[in-house]
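Here's a set of exercises to work through with the model open on your screen. Try each task before you read its solution.

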Amino acid sequence: MSRKPSPVPDLLDALHYENSARAIRRDIISNLLTNLAKFPKVATKNDYYLALAYAVRDRLMRRWIQSAKTYFLKGSRTVIYLSAEYLMGPQLGNNLVNLGIYEQARRAVRDLGLSLETLLEHEEEPGLGNGGLGRLAACYMDSLATKCIPAIGYGIRYEFGIFDQAIENGWQVEKTDKWLRFGNPWEIAHPEIRYAVGFGGSTRMVGDNNGGFSVAWTPDRIILGTPFDTPVLGYEVENANVLRLWRAQAAESFDFEAFNVGDYYRAVEQMVASENITKVLYPNDEPEVGRKLRLMQQAFFVSCSLQDMLRIYFQREKNLAGFSKKFAVQLNDTHPALAVAELMRLMVDVYKADWESAWDITKNTFAFTNHTLLPEALETWPMRIFETLLPRHTEIIYEINRRFLDSVSIAFPDDPARIERLSLFEEDHEKRIRMAHLACVGSYAINGVAQLHTRLLKKTVLSDFYELYPEKFSNKTNGVTPRRFMLLANPYLSALITDAIGDGWVCDMDRLQELEPFAQDAAFCERWRKVKLACKRKLAQKAADETGVKIDPESLFDVHVKRIHEYKRQHLNVLHILGLYSRIKQGLEKDAPPRTFIFGGKSAPGYFMAKLIIKLIHSAADLVNRDPETAHLLKVVFLPDFNVKKAQDIYPAAELSEQISTAGKEASGTGNMKFSLNGALTIGTLDGANVEIRQAVGKENFFLFGLTAEEVAMHLEQGYRPRDILAQNPELSSILEMLGSAALCGSNRDLFRPLYDSLVSKDPYFVLADYPSYADKQREAGKTWTDKECWTQMSILNTARMGFFSSDRAIDQYCDEIWKVKPVKVKL
């Protein structure tokens, strides 16, 4: 008698985990014993963090595997996000929120005699980005998963991320970011996947059996890339996407012959040289060796990523024809622009496609996001470096340029100046490759990241491309994820909002507008103020613990945290502080509210003027904080090592958000959105996304000052003379004189001379021009803050009207208007 075959079990059933506090506690203990070989009595805080992280990761795995399986079986069109930066932030808290088990984990850890907050604070943050570019990529990865969009984020697994910032005697000092020193429980290595990336060498023409010719590239150096995968889970969905980061390895890591003859360095020389490619985020590119390394980083990560995409593609397909239908590849700024030439190389040289077919696939695969209006920030590479490292790519780019300029000549005959401007090669002084131009030519879509930014792109740095390809251009204003920057960072405010309008706003931020009537509800306003005060107290305690500066939670928290740069104008803020300090000393600010100025941000290691601004902030803090006459009204504190983790404490506590960049310089900004979402009011210029934030929250709820982008351009055209402004403003002139005073400089009266000279002679970022209106608006903001009811209403309306600035909305627009991709819901 034949037996019925047993039903095949769903292998994913083995990955089923209960989410009760008891089950999580059991899994923490199990992980201590089996993964970490520790028993509870001897386990360290790091052991408990890892044990909890593994318990959470186990609960991600079922969703991750099921997502990969679903996308494979459906052959889903997939978004590829190519970015040199990902500032993902700490993962434990975010994954607990997205899994919906935050409270269960808190109880499980508490039952073990520990605090979840302690373990969250212990987590190392992967500093794989420099600022807004990497944080935007992280927000978009969160939204892609939450919106159920199949996606892979590709980047670089830097062994050492952006430096840890220490402050010594008021100066920034860079410390190595050893984020991997205790291990990374969220990543899964795949050493079985390896891709070869070539550098240097030579090319030659070779014949084929059909009488045709092709190009063979023989590199003189081969680097291998291996991936490390991190799951990115959506909020309250089963979808989980992947962030795949590449690590460089030597093709041959150990030279036995060299070792055996006693040459121990040469024995590992290739391994060290190869691994250097993914050693550090943004090596110093002042010396030529640094520029070479940075170019190699970009070539390495785009080549590995494209080879991986082709491997995935050919798991189901037989030829290249459908490649651009399978993948929509977004270039996050110019760092991955080399992907245009690399995809052409792979298709033409490796897969033997003809040029026309390969180019048709390429130009329908890529879309390009530009993130800068600064001409000097549009990446270019000297030909002598580029053609030495990438000889085959150089040939391909020459051919792309030849064909492109032929089409330009047809569209704009007898216009050699236009051809020169549009060429992929810059011929002035030293011949260079223009990477933004390569991205524009090789992409089917080009977008800016704020309405003003996109308008200025069309008028300035990419104006010729806009005239040639107007249909390619669109705006996609940046957005931020409410999961991390509200639900996780500000749980008390999130609970208050949910209590009032329900929890639908977490995935549909437009629902926040339902808060507007509550701005007139006295009881709700009182609860809003209590939440803000609790956040301020928390930040005040952390500031005291970290800096020794005691700040009053009952004072106005005026916050300026972002990358330190002259165009972001932290020094304008400091000049106002010095002016306010002087006026208080003179008895001219009798009604000034108590105010705490909070700064944070890092300077690029080689950017002297930005480092000098950090020193100026600390010198001003020393002057103000030690003066007993002003201590009750003014405090200045610089919170070192600003990162995502610290931002999660700062944004909820802020009351006045400083968004004071020179108009026309900031592409968008996302810090401005995070502040407003958490109920801070903005003092700012009409720059970047400030323009749209002001339109959304209402001009009456925004402290606007300063020149417009058009007025800045007009001043530059007519000849801007900062000395004329000083001649008309004795108070400002006296503030500038303080930059040479013993009170600020000590014995070195020339300490801030470079800053003084720059402001007085050139003032390239219009600090002096904007100072009077800035000081007036600061006075107005201080007066408004003293009216608690009015300020609270304005704060509530800022939050209520921030729905547009969700990264979910931005991803919806990319999906509908650029990528043409639909959600694929995963079901367990």
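Two residues are in contact here when they have heavy atoms within 4.5 Å of each other. Keep in mind that you are looking at a predicted model.

**Exercise 1. Find out where Asn672 sits, whether Asn672 is buried or exposed, and which residues Asn672 touches.**

Solution. Start with the element: Asn672 belongs to helix H25, residues 671–677. Next, check the accessibility. Buried means under 20% relative accessible area, and Asn672 has 2%, so Asn672 counts as buried. Now look for contacts, skipping residues up to four places away in sequence: you should find Gln659, Ala689, Asn690 and Ile693. Finally, take the pair Asn672 and Gln659: they are 13 residues apart in sequence, and their C-alpha atoms are 6.5 Å apart.

**Exercise 2. Work out how many residues of helix H24 are buried and what they pack against.**

Solution. H24 covers residues 644–653, and nine of its ten residues are buried, so the helix is largely enclosed by the rest of the structure. Go through the buried ones by name: Val644, Lys645, Ala647, Gln648, Asp649, Ile650, Tyr651, Pro652 and Ala653. Then look at what surrounds them. Their packing partners are helices H5 (116–122), H6 (132–146), H19 (482–488), H21 (522–547) and H25, along with strand E18 (556–561).

**Exercise 3. Follow E18 to strand E19 and describe how the two pair.**

Solution. E18 and E19 are parallel partners, with six bridges between them. To pin down the register, pick His560: its bridge partner in E19 is Phe599. Now check the burial of E19 (residues 595–600): six of its six residues are buried, so this strand is largely enclosed by the rest of the structure. Sort the side chains by direction, and Arg595, Phe597 and Phe599 point one way while Thr596, Ile598 and Gly600 point the other, all of them buried.

**Exercise 4. Describe the hairpin of E3 and E4, and say which residue in it takes a positive phi.**

Solution. Begin with the strands: E3 (residues 164–168) and E4 (residues 171–175) run antiparallel and are joined by five bridges. Across the pair, Glu168 faces Trp171 of E4. Two residues lie between the strands, and Asn169 is the one with a positive phi, near 55°. Note that Asn169 isn't a glycine. As for accessibility, Asn169 has a relative accessible area of 66%, so Asn169 is exposed.

Compare that with Asp763, which also isn't a glycine and has a positive phi of about 45°. Asp763 is in the loop between H31 and helix H32 (767–785). At 1% relative accessibility, Asp763 is buried.

**Exercise 5. Give the strand order of the sheet that contains E13, and find its edges.**

Solution. The order is E13-E15-E14, an open sheet of three strands with antiparallel pairing. E13 (380–382) and E14 (425–426) each have a single partner strand, so they stand at the edges, with one side lacking a neighbour in the sheet. Zoom in on E14 and E15 (residues 432–434): two bridges connect them. One residue to look for is Phe425, whose bridge partner in E15 is Ile433.

**Exercise 6. Determine how helix H22 packs on helix H29.**

Solution. The axes of H22 (residues 570–585) and H29 (residues 730–737) are 10 Å apart and make an angle of about 105°. Angles of 65 to 115 degrees count as roughly perpendicular, which is how H22 stands to H29. On the H22 side, the residues involved are Leu575, Leu578, Gly579 and Arg583; they meet Glu731, Ile735 and Leu736 of H29. Sorted by class, this contact has four nonpolar, one polar and two charged residues.

**Exercise 7. Identify the residues with the most contacts inside the largest nonpolar core.**

Solution. The largest nonpolar core has 205 residues, and Phe300 and Trp819 have the most contacts inside it. Take Phe300 and list its neighbours beyond four places in sequence; among them are Val197, Phe199, Ile223, Leu224 and Trp246. There's also a second, separate core of 62 residues, including Leu575, Ile613, Met738 and Phe766.

Definitions and conventions:
Residues numbered from 1 in each chain as written. Predicted model: local features only at pLDDT ≥ 70, side-chain atom pairs only at ≥ 80, totals over all residues. Heavy atoms only, no water. Core = buried A, V, L, I, M, F, W, Y, C linked by side-chain atoms within 4.5 Å. Buried < 20%, exposed > 50% of the residue type's maximum accessible area, 1.4 Å probe, protein only. Pairing = 2+ DSSP bridges. Helix = DSSP H or I, 4+ residues; strand = E, 2+ residues; numbered from the N terminus. Axes fitted to C-alpha atoms, helices over the stretch in contact; angles between N-to-C directions. Parallel < 35°, antiparallel > 145°, perpendicular 65-115°, else oblique. Nonpolar A, V, L, I, M, F, W, Y, C, P; charged D, E, K, R; others polar.
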